[in-house]
Amino acid sequence: MDYILELCHVEKTYGEKENRVRALKDINLQVKEGEFAAIVGTSGSGKSTLLNLIGGLDTPTKGEIFVKGKETGSLTRKELTIFRRRNIGFVFQNYSLMPVLNVYDNVALPITFDKGKHINRRYIEELLKELGIWDKRKKYPNELSGGQQQRAAIARALITKPAIILADEPTGNLDSHTTIEVMGLLKASCKKYSQTILMVTHNEGIAQICDRIIHIEDGMVVSGARPFPGKGGEGVC
Ligand SMILES: Nc1ncnc2c1ncn2[C@@H]1O[C@H](COP(=O)(O)OP(=O)(O)OP(=O)(O)O)[C@@H](O)[C@H]1O
Ligand SMILES: [Mg+2]
């Protein structure tokens, strides 16, 4: 079985001596192409750290991460940047929109970066309309509500049709109606383009909509009966 994503004995330690934090401890995980997985766990359990490592924004202290069969640790910084841009879409907790660009240009930005890639204006329009922010396309991030900024960030993550979408609480700032719409859009995009989505959520109802729940506690993947149970997620490397 080929996995689009595989983590083998991944560990992440921050800081030194008395400041040492073992954020991830021996994570083994395999994700199939097209899977929509929820990542759940209490605050500080290591969810964002896990996404950052998978996305190559940070490097593991130990272990290996394979994305589309490539061990990301073997890539040079430059190779990793290109690999990330071509294959991974991020939605962060803090939106990370460019303040000097309007919504439309923020969404088009990942394509603008990738020389030679054609900007599909129709797809931008389709996404912004589906996310209900087409009328905000000329506004700047500081002119938008938190939920509108989050939707712009989601459109930006989807615009390159990345193989993997890493989303850190993408619906955290949305009302329940928009949350349902955004989940529908992510699911539809996942199906249509065979995308793999890993999404951190604190919302049990949202997690249940996903194909699979990966439960992280204290830097480890756990399975079995829990108050907010997961169906597993660990694997053997
Ligand atoms: N850059 C960093 N430097 C030092 N410690 C860090 C850093 N980033 C995270 N940590 C620590 O690593 C642990 C895991 O943090 P992480 O942000 O991954 O948790 P989380 O599950 O995403 O939490 P939340 O649900 O609150 O977002 C925490 O103890 C945190 O304090
Ligand atoms: Mg987090």
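**Figure 1. Packing of helix H3 against helices H4 and H5 in the predicted model**. The buried residues of H3 pack against two helices, H4 and H5. Helix H3 covers residues 103–113, and its buried residues are Val 103, Tyr 104, Asn 106 and Val 107. An α-helix has 3.6 residues a turn, so residues three or four places apart point the same way.

**Figure 2. Glu 126 in helix H4, viewed together with Lys 17**. Glu 126 belongs to helix H4, which runs over residues 121–130. With 13 other C-beta atoms within 10 Å, Glu 126 is partly exposed, because the buried class begins at 20 such atoms and the exposed class ends at 12. Glu 126 and Lys 17 stand 109 residues apart along the chain, and their C-alpha atoms are separated by 51 Å.

**Figure 3. Two lysines with positive phi, Lys 17 and Lys 68**. Most residues other than glycine have a negative phi. Lys 17, in the loop between E1 and E2, has a positive phi near 45°, and Lys 17 is exposed, with 5 other C-beta atoms within 10 Å. Lys 68 is placed in the loop between strand E4 (62–67) and strand E5 (70–71), and its phi, also positive, is near 50°. Lys 68 counts as partly exposed, since 17 C-beta neighbours lie inside 10 Å.

**Figure 4. The shell of residues around ligand 1**. The residues surrounding ligand 1 are Tyr 14, Gly 15, Val 21, Ala 23, Gly 41, Ser 43, Gly 44, Ser 45, Gly 46, Lys 47, Ser 48 and Thr 49. Strand E2 (21–31) and helix H1 (47–54) each supply at least two residues of this shell, and the largest share, 3 residues, comes from H1. Sorted by class, the shell has 3 nonpolar, 8 polar and 1 charged residues.

**Figure 5. Helix H6, its buried face and its exposed face**. Helix H6 comprises 17 residues, 176–192, which at 1.5 Å a residue should span 24 Å, and the end C-alpha atoms are indeed 24 Å apart, in agreement with that expectation. The buried residues of H6 are Val 182, Met 183, Leu 186 and Ser 189. Seen down the axis of H6, these buried residues fall within an arc of 130°, so they line one face of the helix. That buried set packs against helix H5 (146–158), strand E8 (196–200) and helix H7 (204–209). On the face turned away from the buried side, H6 carries the exposed residues Ser 176, His 177, Gly 184, Ala 188, Lys 191 and Lys 192. Ser 194, which follows H6, has a positive phi near 50°.

**Figure 6. Confidence of the prediction along the protein chain**. The protein chain averages a pLDDT of 88, and 92% of the residues score at least 70. Among the elements of the chain, strand E1 (residues 5–14) has the highest mean pLDDT, 97, whereas H6 has the lowest, 86. Over residues 229–236 the pLDDT is below 50, although this stretch has 22 contacts in the model beyond near neighbours in sequence.

Terms used. Residues are numbered from 1 along each chain as its sequence is written. Chains are lettered from A and ligands numbered from 1 in the order in which they are written. This is a predicted model: local features need pLDDT of at least 70, side-chain atom pairs count only at pLDDT 80 or more; totals for chains, interfaces and linings use all residues. A residue is near a molecule or strand if its C-beta atom, placed from the backbone, lies within 6 Å of it. Helices (H or I, at least four residues) and strands (E, at least two) are DSSP runs, numbered from the N terminus. Ala, Val, Leu, Ile, Met, Phe, Trp, Tyr, Cys and Pro count as nonpolar, Asp, Glu, Lys and Arg as charged, and the others, Gly among them, as polar. The expected span of a helix is 1.5 Å times one less than its number of residues. The arc is that of the directions from the helix axis to the C-beta atoms. Two residues are in contact if their C-beta atoms, placed from the backbone, lie within 7 Å. pLDDT is the predictor's confidence in each residue, from 0 to 100.
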